[in-house]
Amino acid sequence: MDIKPYPSLTRFIDDLLDAICIVDREGRFIFVSAACERIFGYTPKEMIGKAMLEMVVPEDRAITLRAANEIMSGHPKLDFENRYIRKDGQVVHIMWSARWLEADKVRIAVARDVTERKQAEALQAALYAISEAAHNAEDLPSLFQLIHPIIGKLLSATNFSVAMYDERNDQLSFPYYTGDFREASEPQQTALGALCAEVIRTRQSLLLGPDSLATFPDGSGAIKDSNVVYWLVVPLNSHTGTIGALILKGNPDGARYTRKDKELVQFVSSQVATAIERKQLHARLKHMAQYDGLTGLPNRALLYDRLKMALARTRREQGQMSVLYLDLNNFKQVNDSLGHAAGDELLQEVANRLKRCLRGLDTVARMGGDEFVVLLENIQMPEHASNIAKKIRSAISQPIKIRGRSLCILPKHRNCTLPSAW
């Protein structure tokens with residue numbers, strides 16, 4: 001299809017804000033209007049002969065190819081949307097209306113740039129989705145799994161990682177990572193840690209490309225490779241400090257991250273940080289409700305829950321379980337003579353010794369004061385529970401050094417073995 005013989009029509013088409021494109025059966029541009037340069041960044045001369053699919057964002061190529069095949073089968077497409085990579089590396093959202101002209105064996109389409117609208121919609125949807133994720137996720141790992149595709153709808157996030165910073169211990173961890181991060185070498189992981197450390201220290205985002213990486217401080221050499229176009233590292237800032245960072249890495253065949261992308265992720269990251277802190281608070285409150293604050297052992301409430309489950313399993317499997325109760329002789333005298341701090345140290349050491357005496361499936365809980373309960377599951381014979389009780393008594397009877405004093409605490413204990421019919 002040739003429109004060159006119609007110069008007035010060509011001028012009219014070039015005056016349109018929307019772009020007019022004609023593509024042959026092989027998917028190559030054979031005509032583009034002047035608006036294409038404003039939308040895609042390429043001049044009409046640069047686009048003629050170029051494969052349309054090469055300009056499409058990799059994640060959208062499959063749906064674009066399916067749509068093209070449907071159009072060539074005689075099914076026009078109205079308001080079909082996909083994403084293209086501009087000449088400058090930025091991503092644009094395009095709404096297409098296209099049909100197949102059988103007589104000329106070409107597809108003719110009208111392209112409208114809807115990037116601003118799509119970004120506004122995507123941002124609003126992302127904020128809502130992050131709030132929903134914080135509510136629905138059971139724990140932090142599941143929260144990160146939900147956040148990843150949310151970020152991916154805003155910009156390319158094939159290589160995505162979450163770093164968490166423990167300020168109290170000055171430790172950095174990577175609880176979630178995908179794509180190339182899974183195969184990162186130790187030097188690359190060290191270099192990535194250096195990038196995150198810089199972001200956490202300054203509380204400022206980093207947008208790095210091949211040129212800016214060359215000037216970055218030592219320690220980043222391992223990530224200066226030909227497979228990287230851009231790094232985008234955004235801090236997770238909250239009112240209490242920087243709790244971590246979001247890391248995105250671009251590939252040569254993908255879109256380049258821009259300053260606008262950095263601002264977008266910075267805005268979203270504050271919502272992500274809030275969601276993470278909410279989940280961390282929920283985890284702390286849940287732990288406080290189920291565990292003893294001094295010894296870290298399960299408390300009375302958690303013990304009762306585990307006891308009910310153990311009873312159900314014992315009945316179902318026709319087995320036996322045992323419950324040991326013990327408290328410490330003369331514990332009050334330790335508090336009175338050495339102080340409550342010494343008594344706390346004594347209880348912590350007793351708790352540690354109890355845990356070392358038990359199997360992984362057993363439970364030791366602190367009921368309060370100097371009282372402890374041990375739940376033994378899958379006991380074959382009552383003698384087995386008695387043997388464990390002797391082991392516990394022997395371990396706790398060994399001298400315990402507290403503030404220069406050697407204390408001997410003999411536990412009193414009672415044993416109750418419960419058969420399956422109990």
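This is a short tour of a predicted model, with suggestions for what to select at each stop.

**Stop 1: helix H4**

Start by selecting residues 61-72, which form helix H4. This helix has 12 residues, and from its first C-alpha to its last it reaches 16 Å, close to the 16 Å expected at 1.5 Å a residue. Now show the side chains of Thr 64, Ala 67, Ala 68 and Ile 71, the buried residues of H4. Why do they sit on the same side of H4? Because they cover an arc of only 100° around the axis.

What do these buried residues pack against? Add residues 77-85, 91-101 and 106-113 to the selection: these are strands S3, S4 and S5, and the buried residues of H4 pack against them. Before moving on, click on Gly 74, just after H4, where phi is positive at about 100°.

**Stop 2: a sheet of 5 strands**

Next, bring up the open sheet whose strand order is S7-S6-S10-S9-S8, with antiparallel pairing. Residues 171-177 (strand S7) and 206-208 (strand S8) are its edge strands, each paired on one side only. Looking across the sheet, you can follow a twist that averages 20° from one strand to the next.

For a closer view, select residues 159-166 and 241-249, which are strands S6 and S10. The two run antiparallel and are joined by 6 bridges. One pair to pick out is Met 164 with its bridge partner in S10, Gly 244.

**Stop 3: the helix across the sheet**

Keep the sheet in view and add residues 259-290, helix H9. H9 lies across S6, S8, S9 and S10, and runs at about 40° to S9, the strand of residues 231-238.

**Stop 4: the nonpolar cores**

Which residues have the most contacts inside the largest nonpolar core? Select Ile 151, Leu 155, Phe 160, Leu 248, Val 272 and Ile 276; the core as a whole has 31 residues. Two or more core residues come from each of helix H5 (115-136), helix H6 (140-152), S6, S9, S10 and H9. H9, the helix from the previous stop, gives the largest share, 7 residues.

Centre the view on Leu 155 and look for its contacts beyond four places away in sequence: Leu 232, Leu 248, Tyr 257, Asp 261 and Val 265.

To finish, move to another core, which lies apart from the largest one and has 28 residues. Leu 326, Phe 331, Leu 358 and Ala 385 are among them, and make a handy selection for finding this core.

Conventions
Residues are numbered from 1 along each chain as its sequence is written. This is a predicted model: local features need pLDDT of at least 70, side-chain atom pairs count only at pLDDT 80 or more; totals for chains, interfaces and linings use all residues. Side-chain values use heavy atoms; hydrogens and water are left out. Two strands pair if DSSP finds at least two bridges between them. Helices (H or I, at least four residues) and strands (E, at least two) are DSSP runs, numbered from the N terminus. Axes are lines fitted to C-alpha atoms, for helices over the stretch in contact, and angles run from 0 to 180 degrees between N-to-C directions. Contact means heavy atoms within 4.5 Å. The expected span of a helix is 1.5 Å times one less than its number of residues. Buried means under 20% relative accessible area, exposed over 50%, partly exposed in between (1.4 Å probe, protein chains only). The arc is that of the directions from the helix axis to the C-beta atoms. A nonpolar core is a set of buried Ala, Val, Leu, Ile, Met, Phe, Trp, Tyr and Cys residues joined through side-chain atoms within 4.5 Å.
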